[in-house]
Amino acid sequence: MNYDLIVIGSGPGGYVAAIRAAQLGMKTAVVERAELGGICLNWGCIPTKSLLKSAQVADYARHAADYGVNVENVQPDFSAIIARSRAVAEKMSKGIQYLFKKNNINVLTGHGRLTADKNVEITDENGVKTVYSANHIILATGARSRQLPNIPQDGKRIIGYRQALTLNHLPASMIVVGSGAIGSELAWFYNSMGCKVTLVEFMPNITPLEDEEVSKQLARSFKKAGINVMTNACVESVDDSGELLKVSIKNKKGETEVHEAEIILSAVGITPNTEGIGLEEAGVEIANGRVKTDNFYRTNIANIYAIGDIIATPSLAHVASAEAICCVEQLAGLNPSPIDYSNIPGCTYTTPEVASVGLTEQKAVEAGYELRTGKFPFTASGKASAAGANEGFVKLIFDAESDLLLGAHLIGSNVTEMIAELVLAKKAGVTGKELMKTIHPHPTMSEAIMEASEAAHGEAIHL
């Protein structure tokens with residue numbers, strides 16, 4: 001019943017923490033009440049990417065004639081697409097089971113919570129409670145879809161992202177509220193399936209955390225694809241008394257429009273799972289709904305740690321995983337460096353894709369930097385033209401004085417696979433001139449990084 005480490009939650013923070021601890025010789029257990037892998041693997045990142053791939057294949061097929069290939073009567077099988085997505089998630093969850101077995105990690109099934117004496121109480125599906133002790137406890141309980149009072153989710157017609165991944169039929173119409181990564185990706189997916197989609201965003205631009213030029217380009221691409229994009233807009237109320245939902249939306253002019261839709265998808269962020277896990281009993285401090293920690297994820301209570309969506313850091317799977325490794329290595333005495341949160345990549349897997357790291361142009365100006373900015377459009381890329389993927393660009397922002405990379409903002413085909421080069425460049429202190437003198441293979445989409453660096457220095461060859 002006693003462990004070196006117990007991790008509560010098996011998402012990309014929890015399972016990574018457990019594996020790293022086991023690698024370091026700790027007797028480790030993970031508490032999980034649902035599927036191994038957490039929300040990301042089962043109800044987020046992985047199944048969503050599966051759906052988006054199916055939509056991309058359908059889109060390719062519809063435009064096959066552009067490539068000299070004749071394909072007729074393209075009909076996405078919505079049920080089969082959903083089934084494939086679930087199968088991919090199930091396979092990945094079984095992969096976590098294999099890794100746990102390989103690393104001799106015990107899975108304690110049930111709902112875990114801290115006790116007043118700093119142990120872990122687990123309640124199984126039959127209500128039976130068992131108490132375990134550990135030298136260290138990591139809280140990695142993740143988050144769930146945020147609920148808005150004027151858009152109350154019923155799980156059937158007004159849904160969150162989880163239900164959006166398992167609908168039993170393709171709705172004829174859908175209003176997506178919120179245009180962050182989740183909202184934008186699912187808006188693009190359902191539009192590609194043939195659903196009439198309206199995307200509602202409260203802020204002036206969709207994907208509001210991205211550089212403004214990127215956001216405006218994505219909006220153009222969405223509108224071209226047939227998505228009705230409404231910015232500076234908000235849902236005021238929902239009338240669910242009829243066959244179709246009647247949604248009152250205040251538009252950018254301050255006027256109220258009534259839109260009808262079969263489904264509303266609320267994608268307005270997430271709420272951390274901090275309730276019911278014994279924080280109050282154990283005396284763990286919370287601020288603004290999230291657990292307070294130091295740079296190594298230690299809470300105010302000795303030997304209790306917190307990582308991932310329940311703390312005040314970016315709610316991204318790769319951030320949770322990095323925090324997990326840093327936390328475990330610190331408690332094991334390896335003295336890791338704290339995570340640099342100014343160098344976290346963000347990706348949105350729409351078509352075109354969006355990827356970024358560092359400061360936007362607006363944020364860099366507000367920070368007082370003198371900028372040197374370079375931009376290379378994919379319309380000037382040979383590989384993009386050959387691939388029929390000319391939408392988008394690479395935009396790089398450098399400090400004019402030091403020539404160090406401040407921010408990188410990409411929109412286009414496959415840019416989520418390109419951003420890591422720029423994350424490394426920023427981490428290693430690579431200058432713009434060093435980037436432009438780094439020979440990139442031709443023809444590739446990644447050449448645009450070299451070309452944007454050249455543009456920043458007034459030496460662009462292909463512009």
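This briefing walks through a few parts of the structure shown above. The model is predicted, so please read every value here as computed from that model. A good place to begin is an open sheet of five strands, with helix α12 lying across several of them. After that come two buried residues, one helix, and a pocket.

**The five-stranded sheet**

- The strands follow the order β20-β21-β24-β23-β22, and their pairing is antiparallel.
- β20 (346-348) and β22 (371-377) each have a single partner strand, so they stand at the edges with one side lacking a neighbour in the sheet.
- On average, neighbouring strands of this sheet are turned by 10 degrees against each other, direction ignored.
- Within the sheet, β21 (residues 353-358) and β24 (residues 405-412) run antiparallel and are joined by six bridges.
- If you would like a spot to look for, Ala 355 stands opposite Leu 410 in β24.
- Helix α12 (residues 419-428) lies across β20, β21, β23 (393-399) and β24, and runs at about 180 degrees to β24.

**Ile 397, in strand β23**

- Ile 397 is found in β23, and a relative accessible area of 0% makes this residue buried, because buried means under 20%.
- Ile 397 and Arg 372 are 25 residues apart along the chain, yet their C-alpha atoms are separated by 6.0 Å.

**Ser 184, in helix α6**

- Helix α6 covers residues 181-193, and Ser 184 lies in it.
- Ser 184 counts as buried, with 0% relative accessibility.
- Leaving aside residues up to four places away in sequence, Ser 184 touches Gly 178, Ser 179, Leu 199, Thr 207, Phe 222, Thr 348 and Thr 350.

**Helix α3**

- Helix α3 (residues 45-62) has 18 residues, which at 1.5 Å a residue should span 26 Å; the end C-alpha atoms are 26 Å apart, so the two values agree.
- The buried residues of α3 are Pro 47, Thr 48, Ser 50, Leu 51, Leu 52, Ser 54, Ala 55 and Ala 58.
- Among the elements covering those buried residues are α2 (38-43), α4 (78-102) and α6.

**The second largest pocket**

- This pocket, the second largest, has a volume of about 310 Å³.
- It is lined by 14 residues, and the closest to its centre are Ala 322, Ile 339, Asp 340, Ile 344 and Lys 427.
- The elements giving two or more residues to the lining are α9 (317-331) and α12.
- Helix α9 provides the largest share of that lining, with five residues.

Definitions and conventions. Residues numbered from 1 in each chain as written. Predicted model: local features only at pLDDT ≥ 70, side-chain atom pairs only at ≥ 80, totals over all residues. Heavy atoms only, no water. Pairing = 2+ DSSP bridges. Helix = DSSP H or I, 4+ residues; strand = E, 2+ residues; numbered from the N terminus. Axes fitted to C-alpha atoms, helices over the stretch in contact; angles between N-to-C directions. Contact = heavy atoms within 4.5 Å. Buried < 20%, exposed > 50% of the residue type's maximum accessible area, 1.4 Å probe, protein only. Expected span 1.5 Å × (residues − 1). 1 Å grid on protein atoms, 1.4 Å probe; cavity = no way out; pocket = protein on both sides within 12 Å on 5 of 7 lines; lining within 4 Å. Points joined across faces, edges and corners; volume = space filled by probe spheres on them.
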